[in-house]
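Visitor: I am new to structural terms, and I would like to know what stands behind each of them. Could we look at the model together?

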Amino acid sequence: MTQRSENAPEAAVIAEAAEATEVVAAAVPGEAAAPDTFVDFRDAAFTYDGERFVFRDLNLTVPQGQFLCLLGGNGSGKSTLAKHINALLVPDEGAVEVFGCDTRDAESTYFIRSNAGLVFQNPDDQIVASLIENDVAFGPENLGVPNPELRERVTRALAEVGLQGFEKHETNALSGGQKQRVAIAGVLAMDPAILILDEATAMLDPRGRAGLLRVVRELHAAGMTVVMITHYMEEAAQAERVVVLDGGRVVLDGAPEDVLVRADELRALSLEVPFACRLSLALRAAGVPVAPCIADDDLKEELCALRSSR
Ligand SMILES: Nc1ncnc2c1ncn2[C@@H]1O[C@H](COP(=O)(O)OP(=O)(O)OP(=O)(O)O)[C@@H](O)[C@H]1O
Ligand SMILES: [Mg+2]
């Protein structure tokens with residue numbers, strides 16, 4: 001937990017990130033969402049141009065500690081939704097509450113932004129300094145976190161993304177996957193209560209993607225609330241909950257093993273089905289008695305069990 005500093009009031013705001021549950025309980029007396037609700041879209045509507053709504057009557061909650069994956073075709077509203085979580089955008093109708101604070105309340109903007117960390121697709125757009133330690137320190141430094149706490153946060157955040165000891169390395173010498181980890185470290189150094197990844201693995205090769213996903217899973221295992229937008233079904237298979245958007249509406253919402261096997265509906269939404277799922281469904285159609293699987297390892301186990309039972 002972050003130390004409070006008498007001399008840096010802004011650092012105290014960041015310190016409150018780690019105590020967000022208490023904040024949620026206290027922020028909106030009476031009408032507050034359940035204490036463990038971090039994100040709450042209530043009949044929310046948003047339009048960029050005042051004419052066409054990206055979403056309307058959107059209702060979606062994300063409880064503390066959940067690893068949620070957001071899927072949907074191009075233009076379905078995923079990035080717009082993500083930007084509402086850290087108050088970069090605010091609804092035109094209805095309400096969005098984050099940590100129990102209304103995102104339209106200007107007094108809450110700073111608190112929400114410093115506690116809801118957003119990582120975008122292109123790592124090059126997010127690197128701001130040539131030395132890794134300066135890059136990771138950029139966010140918390142701007143929030144007023146003093147030394148030596150600042151350095152401690154940088155060291156801890158780099159360790160969390162598997163880049164311990166990289167403080168003095170040059171950012172331009174990193175691979176795309178490493179740059180994206182540095183971008184995540186920069187967000188983690190701000191001590192966020194929720195991590196939002198908007199296609200953060202899209203520009204990485206399979207190895208970089210797998211490494212980044214491992215980092216996200218480890219952060220989640222340590223208690224981080226994660227909202228991950230991706231087009232990769234194999235990544236969605238590793239989340240706790242999958243929400244599918246179409247035209248700004250939630251069309252599917254459930255556990256990956258329930259959502260990702262709905263092959264026909266997903267294809268109709270221009271979404272792929274995980275390889276293991278495609279194969280297990282094709283095997284079932286051919287009369288092979290295997291359960292629909294979303295993970296390669298599960299299908300492997302099914303096939304091994306089938307073989308040994310014969
Ligand atoms: N800055 C903007 N100004 C006007 N319209 C926008 C803006 N950003 C997005 N839109 C529109 O809002 C809708 C939703 O876009 P959004 O970027 O949220 O979709 P997305 O699901 O993230 O798509 P993708 O998979 O391509 O990233 C689209 O019709 C898009 O054209
Ligand atoms: Mg997008």
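**Terms and the values behind them**

Guide: Let us begin with a pair of residues in this predicted model: Val98 has Cys101 as its bridge partner in β5.

Visitor: How do you know that β4 and β5 pair?

Guide: Pairing requires at least two bridges between the strands, and two bridges join β4 (residues 93–98) to β5, so the requirement is met. The two strands run antiparallel, and in general the strands of a sheet pair through backbone hydrogen bonds, either parallel or antiparallel.

Visitor: Which order do the strands of that open sheet have, and what makes β2 and β5 edge strands?

Guide: The order of this sheet of four strands is β2-β1-β4-β5, with antiparallel pairing. Because β2 (53–63) and β5 (101–102) have a single partner strand each, one side of each is left without a neighbour in the sheet. Helix α3 packs on this sheet, where it touches β1 (37–47), β2 and β4, and its direction makes about 125° with that of β1.

Visitor: Where is Phe99, and why is this residue called buried?

Guide: Phe99 lies in the loop between β4 and β5. A residue is called buried if 20 or more other C-beta atoms lie within 10 Å of its own; Phe99 has 25 of them, and therefore counts as buried. Its phi is near 55°, which is positive although Phe99 is not a glycine. Most residues other than glycine have a negative phi.

Visitor: Why is Glu199 called partly exposed?

Guide: Partly exposed residues fall between the limit for exposed, 12 or fewer, and the limit for buried, 20 or more; Glu199 has 18 other C-beta atoms within 10 Å, so it is placed in between. This residue lies in the loop between β7 and α9, and it too has a positive phi, of about 55°.

Visitor: How do you know that α8 is largely enclosed by the rest of the structure?

Guide: The conclusion rests on a count, because 12 of the 13 residues of α8 are buried. Among them are Gly177, Arg181, Val182 and Leu188. The buried residues of α8 pack against several elements, including α6 (132–142), α7 (149–160) and α9 (206–221). The helix spans residues 176–188 and reaches 18 Å from its first C-alpha to its last, close to the 18 Å expected at 1.5 Å a residue.

Visitor: What pairing does the open sheet of six strands have, and which are its edge strands?

Guide: Its pairing is mixed, and the order is β6-β7-β8-β3-β9-β10. The edge strands are β6 and β10 (249–254), each of which pairs on one side only. One parallel pair is β7 and β8 (residues 225–229), joined by five bridges, and in β8 the bridge partner of Leu195 is Val226. Helix α9 packs on the sheet, touching β3 (67–72), β7 and β8.

Visitor: What makes up the shell around ligand 1 by class?

Guide: The shell has two nonpolar, seven polar and one charged residues. Gly counts as polar and Lys as charged, and the residues that surround ligand 1 include Gly72, Gly75, Gly77 and Lys78. Helix α3 (residues 78–85) gives the most to this shell, with three residues.

Visitor: Where is Pro148, and what is the peptide bond from Asn147 to Pro148 called?

Guide: Pro148 lies in the loop between α6 and α7, and the bond from Asn147 is cis, with omega near 0°. Most peptide bonds are trans.

Terms used: Residues numbered from 1 in each chain as written. Chains lettered and ligands numbered in written order. Predicted model: local features only at pLDDT ≥ 70, side-chain atom pairs only at ≥ 80, totals over all residues. Expected span 1.5 Å × (residues − 1). Contact = placed C-beta atoms within 7 Å. Near = placed C-beta within 6 Å. Axes fitted to C-alpha atoms, helices over the stretch in contact; angles between N-to-C directions.
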